[in-house]
Amino acid sequence: MIRLENIHLYTGEAAFENGCVVVDGDRILYAGEWDGCPAGRYDSIDGRGGIVMPGLYNAHCHAAMTLERGVGSDLHLMDWLNQVFPIEANLKERDVYDGTKLAILEMIRRGVVSFADMYYFMDEVARAVEETGIRANLCRGCSDLQGVDSISALKDAWDGKANGRIRISMGLHAEYTSTMDVAQYAAQKAREWGLSAHIHLAETRSETMGCMERHGCTPAEYFRRVGMFDVPTICAHCVYMTDEDMGILASHGASAIHNPTSNLKLASGIAKVTHLMEKGVNVALGTDGPSSNNVLDLMAEMKLASILQKGALEDPTVLNAHDALKMATLNGAKAMGFADCGVLAPGKKADLILVNDETLAICPDIPAELVYCAQGLDVTLTMVDGRILYRDGEFMTLDPKETVARAMEAYRSLMRA
Ligand SMILES: [Zn+2]
């Protein structure tokens, strides 16, 4: 058993000045006041006055796009996609494996314990997830019938594997990249195979207007009609949503994933996050891919999400620190279908991080410190499923030099192709 001591603690529900967490196998045995810690024999970890909190759940990503970081910067979404798609057409399996491992290195370093990924060659992504110890919900970003069919084999090979750390979802890239037949087929197969789903939804004004022209309804109504929301669905972006659209997501238990940096960088707009929450939608946070962000730092997204809503609504009381933390932790875990993750409580999975910046020793308000002061690189320990993956500069499941070198090799050959 591991005991984290000499820590401030934010469990997701409460904060403790003098806290303690005990991890037994892959689960939390105790998380609370130091004085209440059960007696026992432990391997002690000195937190040196840092803050332990639930790990971060990156609920929308295209991890292997580390190989396309910076491609098409400063362009509109469609022009950017027109630069990205030809490069992706040359991707090989090994590239996706190497690019994903670089992304995992980046995420573990910054306290991300789980990610929801939509890409290609997802067997390679699953292999990288299994080997590195991170948690993930994976899907192929389908746009045709063959793609949808291929998810059956992916599910059989990986769903529930690695002690339950890997989940497979039905993936449909977006309304505008597939036909209604394909969308209906994907929804039908998701129901048949018992899978959740992952889509891009209402990311830009032009996508939303285009959907109105093509189908006479909003993207959210379109996906309701094809039956996609019959299964729990991760909906990335949700920038252009009517009240009715929000009601559709809420009543079907679909999750909206807010990607503030990506939405601002691609000038897509500002999602009405506060409004979505008021409507009862589960709202989580994502980085989106590294070529539209360009870094996989959920800590940064958490702060941006909060101050962006405050500025947009001219109201500092909205999206407070606790809301932002919940989006990045519990709501993300829920969106990805990891029901026993996202909060530090007895019996829950031990996915946690230690945030330690000695210069921020005075912290009367722990949630505020985590959201408004802390940065991704302040993370000094990342634990997933009870296993330490990163601690004080050392990666336990990855060789950083080799990971970077291999990704660099993949990047060079991709750009030469
Ligand atoms: Zn995306």
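Which residue stands opposite A197 in β12? That residue is T233. The answer comes from a predicted model, and this report describes its domains, its two parallel sheets, its main nonpolar core and a few unusual backbone positions.

## Domains

The protein chain is divided into domain 1 (2–54 + 341–395) and domain 2 (56–335). Taken over C-alpha atoms, the centres of domain 1 and domain 2 are separated by 28 Å. Where the domains meet, 25 residues of domain 1 are in contact with 28 residues of domain 2. On the side of domain 1 that touches domain 2, the elements giving two or more residues are α14 (366–373), β16 (379–384) and β17 (387–391). Helix α14 supplies the largest share of that side, with five residues.

## The five-stranded sheet

Strands of a sheet pair through backbone hydrogen bonds, either parallel or antiparallel. One open sheet here has five strands in the order β10-β11-β12-β13-β14, and their pairing is parallel. Its edge strands are β10 (170–172) and β14, each of which pairs on one side only. From one strand to the next, the twist averages 25°. Helix α5 (residues 180–193) packs on this sheet and touches β10 and β11. The direction of α5 makes about 170° with that of β10.

Strand β12 (residues 233–237) is mostly covered, since five of its five residues are buried. On one pairing, five bridges join β12 to strand β11 (residues 197–201), and the two run parallel. The pair A197 and T233, named at the start, belongs to these strands. Strand β12 also pairs in the parallel sense with strand β13 (residues 255–258), over three bridges. Here A236 has I257 in β13 as its bridge partner. Together, β12, helix α8 (residues 243–252) and β13 make a right-handed β-α-β unit.

## The four-stranded sheet

A second open sheet has four strands in the order β6-β7-β8-β9, with parallel pairing. Strands β6 (56–61) and β9 (166–168) are its edges, and each pairs on one side only. The twist averages 10° from one strand to the next. Within this sheet, strand β7 (residues 112–119) pairs with strand β8 (residues 135–140) in the parallel sense, over six bridges. F115 stands opposite A136 in β8. Helix α3 (residues 122–132) packs on the sheet and touches β7, β8 and β9. The direction of α3 makes about 175° with that of β8.

The table lists the strand pairs described above.

| Strand pair | Sense | Bridges |
|---|---|---|
| β7 and β8 | parallel | six bridges |
| β11 and β12 | parallel | five bridges |
| β12 and β13 | parallel | three bridges |

## The nonpolar core

The largest nonpolar core has 133 residues, of which V21, V125 and C235 touch the most other members. Helix α2 (residues 93–109) gives the most to this core, with eight residues. The core draws at least three residues from each of domain 1 and domain 2.

What is V21 in contact with, leaving aside its neighbours within four places in sequence? The residues are L4, L9, I28, Y30, A31, V52, L344 and L352.

## Unusual backbone positions

Two residues have a positive phi although neither is a glycine: D74, at about 65°, and H237, at about 90°. D74 lies in the loop between β6 and α1 (77–88), whereas H237 is placed in strand β12.

Is D74 buried or exposed? D74 counts as exposed because it has 9 other C-beta atoms within 10 Å, and the limit for exposed is 12 or fewer. H237 has 28 C-beta neighbours inside 10 Å, so it counts as buried; the limit for buried is 20 or more.

Another backbone feature concerns a peptide bond. The bond from N293 to N294 is cis, with omega near 10°. N294 lies in the loop between β14 (282–285) and α11 (298–313).

Note on methods. Residues are numbered from 1 along each chain as its sequence is written. This is a predicted model: local features need pLDDT of at least 70, side-chain atom pairs count only at pLDDT 80 or more; totals for chains, interfaces and linings use all residues. A nonpolar core is a set of buried Ala, Val, Leu, Ile, Met, Phe, Trp, Tyr and Cys residues joined through C-beta atoms within 7 Å. Domain bounds come from an automatic or database domain assignment. Two residues are in contact if their C-beta atoms, placed from the backbone, lie within 7 Å. Two strands pair if DSSP finds at least two bridges between them. Axes are lines fitted to C-alpha atoms, for helices over the stretch in contact, and angles run from 0 to 180 degrees between N-to-C directions. A crossover is right-handed if, with the strands pointing away from the viewer, the path from the first strand over the helix to the second runs clockwise.
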